[in-house]
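Trainee: Hey, got a minute to go through a model with me? I'd like to know how to read it.

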Amino acid sequence: MKTEPAITAPEIQAPVLPPNKLTPRQLRWARRRRTLGRFWQQFRQSKMGMIGLAILIFYAGVAIFSIFASKGALDPTITTNGPRLAGPSLHYPLGTQIDGISVLSLTIEGARISLFVGLSAALISMLLGTLIGMWAGYKSSVHDAILMRITDVFLVLPWLALAIVLAAMFGQNFWIIIIIIGLTSWAGTARLVRAQVLSVKERTYIERSRALGASDAHVVIKHITPNLMPIIFANTILTIAIAILSESQLSFLGLGDPNAKSWGTLIEEAFNHGALTLHAWWWLMAPSISIVLVVLGFTMVGFAMDEIVNPRIRER
Amino acid sequence: MGTAKYLLGKLGQLFITLVLVLSLAFLLFRVWQPGDPVATWAKASGAKLNAEQLDQIRHEWGLDVPLPRQYVSYMGQMLTFNFGTSTILNPQESVSSMFWSRMAKSAILIVTSTFAAIAIGVLLGIYGGWKRQGKVDQASMGSSMVLYAMPEFVLGMIFILIFAATLHLFPVSLYESPIPKTGVAHWTDVINHMALPWLTLTLAYVGEFYLVMRSSLLDVLGEEYIALARAKGVREKYVLRKHAVPNALLPTITLVALSFGFILSGVITVELVFSYPGVGKLSVDALRQRDFAVLQATFVISVIAVLLANFIADLTYAYLDPRVRRA
Amino acid sequence: MRKVRKGLLVLISGVIIVLLAAGSAWAQSASAKASASASASTGGSGGTFIEGTINNVSTVNPWKAIESPEYEILALNFDLLENFDKSTLQAAPGVATSWTQSPDGLTWTFNIRPGMTWQDGQPFTAKDIAWTYNKTLDCKLGNSLDYLVPEFTNSITAPSDTQLVWSTKKPTSAPIRPPWVYIAPEHIYGNDTCDQISKEPFFTEGHPMVGSGPFQLTDWVKGQSWTMTANPNYWGGAPHISQFKVVLYDNSEAMVNALKAGEIDYTNLGSVDLFNQLQTESQSGSSNITTHVGPAVTFGQMSFNMCDPTSPTAAPYCKNNPGTGNPALRDPAVRTAISWAIDRQTIVDKVLAGYGEPGTTVVPPFASFYHYNPTPDEMIGFDINKAKQILADAGYKDTDGNGILNDPKTGQDLNFRFILRAESDIGARLGQYITGWLKQIGIATTSEVVSDGKLSQAWLADDYDMYIWGWGPDPDPDFILSTYTSSQCGTWSDTCYSNPEYDKLYKEQQTAPTPQDRQAIVFKMQDIIYKDIPEIVLYYDKSLEAYNSAKWTGLEDNVSPQPDGFLWNQYTPYSALTVQLRSGASASSGGTSSGLLIIVGILGAIVVIVGIVMVVRRGKSEEDLA
């Protein structure tokens, strides 16, 4: 909080041209590959990160599987012989819900929706946050002051109260939910990016580049952005976790899209049909555990990456 | 002198933020709201009115004047907590009167559970950070991550399933029994109803505060002056109590204040799970019935509550941080 | 030394907590005893009968009421001209003790019960009735107007305090249906203008609602609960209970748990699965709850947007609010195909868990005299192939090969907007089933789950294609039949259906000389709706009730209408008069606080242990030092 994490800048020590005469472009790619390789080496050391990654790979597999899975299993007019509210059995490993549909099938389908909403919302949040953060950090103090006040507003807003208002006005559907979550979660990223830009832009090589007549766009795209990428990436991973949690909260309030049932919507349905009182715990269990695991997965990976890209933490 | 300047600056920021948020509310409720609010209300409430009567209501609501003038009167109304009357939930009833009794019920829940979560989280965080990778730290770290990843309503439902639906130790919902009791019995009744929502909220945020306090203490423990103090042979506990903890508390306070908005969001779903008649429940009801007058009030007041919480955090910060005090 | 004291301090505070817990437990049991003995002193009667509901009350103005709990309050607080007979729900003596129709059929004369008083002590006379009815007619007040057949009524007067005369232009049975207009006190509202009366709150804090019924609304915590206090001077005899209270819940689940915990005494459940569970527990003898499956009074319907502004017979409201309905739905073939594609039996079995009957016509079977059963030839069943054939014969083909049929006139996909209710426990699920079947016949849907407010908005603006809602009709078919007339477009009409022949029949049944004549017309009208399909009656759902039978008695023998009626009929006061505490049952409501005591106990124990540990450890380390 007090000091911004310093980012080492290997570019300064980069040799002018390697003897085997790579073009600058190839050179850049080679360097990136090296950086990625180094990153992976470090990431592999983190037990937490690897567990998180394993969870995520599992659920990514589930989500991809759901694209190809038959939708008939989810349609009560096609799957007509399922027992209503049956507990887990060999035939229905996670039990059935009120229409006799397998909770397993619903959870698999929900994986795709929840992950898609989480990823898209985090993407919007990342783009907005990065743009605003860069603008504020790079531009003059007037822009900075105005943008940062707005960022502060969004940072402290009780986001669900705002989301409820937006959903009440603009209706409930899949895309609106994505936009609402994106619009209410970018402020943290913007602050982080701004702080990074402020520390990076005073570096000598940037001043040198500017002295050589580079345009603002050139400086931002070629010098500042690559420096920020690791931190933005780690931050986005954490944002996905929050976006998935947010989606589940919105869906639980009944704002989910009935045509694309996420895990949150499944829980809402179960809750509203009295699953707790009916002791139909299996109806709630799989979607709840899935939310917790996926959020946990993203958080673990995010923390692990943060430790790598944020050297201050690494020293501990 | 420096403190006064710092506080004035913070007060100014608070004011600007407030104006910005209220402007956002104005845009949302007066400008961007799709359709004509009066027609929407008339349809949703089932009131059958002719054009003249609709115009009359438009006039009563102050919608027939140009936007800039509406803006000024809107800001005046919001700052004096004048939210008009409920349109659909409890027609004709003043929104403020609907609000305050629920506000009190929510406030008890939020304040007590947040302070409990802070106390437990910070104490555990200090211990965990100090004895890093110890048994307590590892256990707390694991459970904190899980609690952080778990939506509040899932936690609430687990408690209902165990303590209410199976063990029948606590009532499932509401603030008190349908027939209110009196005297001591009233308060035991209320506490009994509040126990599960309170436990849910407390546990839901302990994890977050633990993680924040732990990492901020680790930050401080890495500082040079700590190493210096240790080198000088100052006893470890003394280092912790006099140097590390006070400094680590500062960023924690900021983050606690920042997360207040998230806590309010969590309260909404928890109140829904337990049918707890607070502001969160009210805003969900207003959402379901599209009672925009009530929705506007819940929005504006929760934002003001968050801003005030942040301001108080700034004051605490100023009090605790000698650099701010002296600067 | 200081540390030792700290440990002791913790120890002492632990002991105090434990003592406090014991104290509060004692105080609680003492107060429970006190309230039990208080109720015993009134001789076994009294007590508060508490109902749980999930429907909020937003107004108690008798002319403005819509929701069922609002009618429940009004039925207990006010009187109608006649009562509903307990077994048949036909008109029975009440405020009017007897009535006669003049030989020409144009004049009805009612003898009004003498000596009645309002709940504030003022005399209740025939003039109050005449005032109420005339106010309703003059001001065209809301939902009750049609019961007074404004087109046929000449005058309603009170020649004396005990006589009411109602004269009409044509012979009609409307006055003994009976008219569902609650009689309001003229001495309070007599000077109100039309605008004032429709805005009258009828209840404000500290000013109980004044009527003439067995109960009086005395407390209303908006959005939470409302309490009615017994009227000891009720003309039909004082109720046994001293208060009737209704508590609002968010969901059926919270309500069922409250019922099990003894916090509420009665509920009419919307959730079939929770009811199922209660019934199983009740039958196995493991609970205090008795369940009761009542009549199929209500029905669920799927409505089509029938507003066709280009039609010469379109209702004026539809012409002014043309809306956005899909023209394909105005083709009877499409509606008929949809009707054949819906498996009503599966809906009853799966969605209603068997607590219902497949739907046919718009007057539910519970109104047995007027309910029309389609003949086997007319009956529309479930047959996907037949539905497909009907569409194919009418020229609907999948011309663009995307699996969805195209409208031959416009070339557009048959894709209908389908609105479902968020407030209903089953709305979204019904939508899922119907969407599935329609998909099988090549019709796509875009479904949206919305609040009732939003649905009313879409409905009034004719801005939808299809939606699912429900009706709880009166025992008399007049009202439900009126909703399909073209003049109701924009007010009660579900669909803006407009059919001049139907409108004419509606007028005819109002003035049919005998019930048998009326029955024939009413059958014809139901047949028209069944074949024309402006909406599909999906199911008749049974009323599901449960109450705490360990504590209360007097409900079972009072079922109305008989034999398969309600325990607690929301539009008659009978059950509220006879329900009473079972002898030996305590008047205080349940709700244990064992959980709290356990928590306090555990807390206390922890503090004590920590205290002991601190004292002991401190002692040890001091020994070490020594």
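Mentor: Sure, let's talk about chain A and then about where chains A and B touch; keep in mind that this is a predicted model.

Trainee: Okay, how many helices and strands are there in chain A?

Mentor: Chain A has twelve helices and zero strands.

Trainee: And what does chain A span along its principal axes?

Mentor: Its C-alpha trace spans about 75 × 45 × 35 Å. Of the 316 residues in chain A, 47% are buried.

Trainee: New topic: how many residues does each chain bring to the contact?

Mentor: Chain B brings 42 residues and chain A brings 36 residues.

Trainee: Which element of chain B gives the most to that side?

Mentor: That's α13(B), with eight residues. Other elements that give two or more residues include α1 (2–32) and α10 (236–258) of chain B.

Trainee: What kinds of residues are on that side of chain B?

Mentor: They divide into 30 nonpolar, eleven polar and one charged.

Trainee: Can we zoom in on one helix pair? At what angle do α5(A) and α11(B) cross?

Mentor: Their axes cross at roughly 55° and come within 7 Å. That angle is why α5(A) counts as oblique to α11(B).

Trainee: Which residues meet there?

Mentor: From α5(A), Trp159(A), Leu160(A) and Ala161(A) meet Gly261(B), Leu264(B), Ser265(B) and Ile268(B) of α11(B).

Trainee: And how does that contact split by class?

Mentor: The contact of α5(A) with α11(B) has five nonpolar, two polar and no charged residues.

How values were computed. Residues are numbered from 1 along each chain as its sequence is written. Chains are lettered from A and ligands numbered from 1 in the order in which they are written. This is a predicted model: local features need pLDDT of at least 70, side-chain atom pairs count only at pLDDT 80 or more; totals for chains, interfaces and linings use all residues. Two residues are in contact if their C-beta atoms, placed from the backbone, lie within 7 Å. Helices (H or I, at least four residues) and strands (E, at least two) are DSSP runs, numbered from the N terminus. Ala, Val, Leu, Ile, Met, Phe, Trp, Tyr, Cys and Pro count as nonpolar, Asp, Glu, Lys and Arg as charged, and the others, Gly among them, as polar. Axes are lines fitted to C-alpha atoms, for helices over the stretch in contact, and angles run from 0 to 180 degrees between N-to-C directions. Angles under 35 degrees count as roughly parallel, over 145 as roughly antiparallel, 65 to 115 as roughly perpendicular and the rest as oblique. A residue is buried if 20 or more other C-beta atoms lie within 10 Å of its own, exposed if 12 or fewer, and partly exposed in between; C-beta atoms are placed from the backbone.
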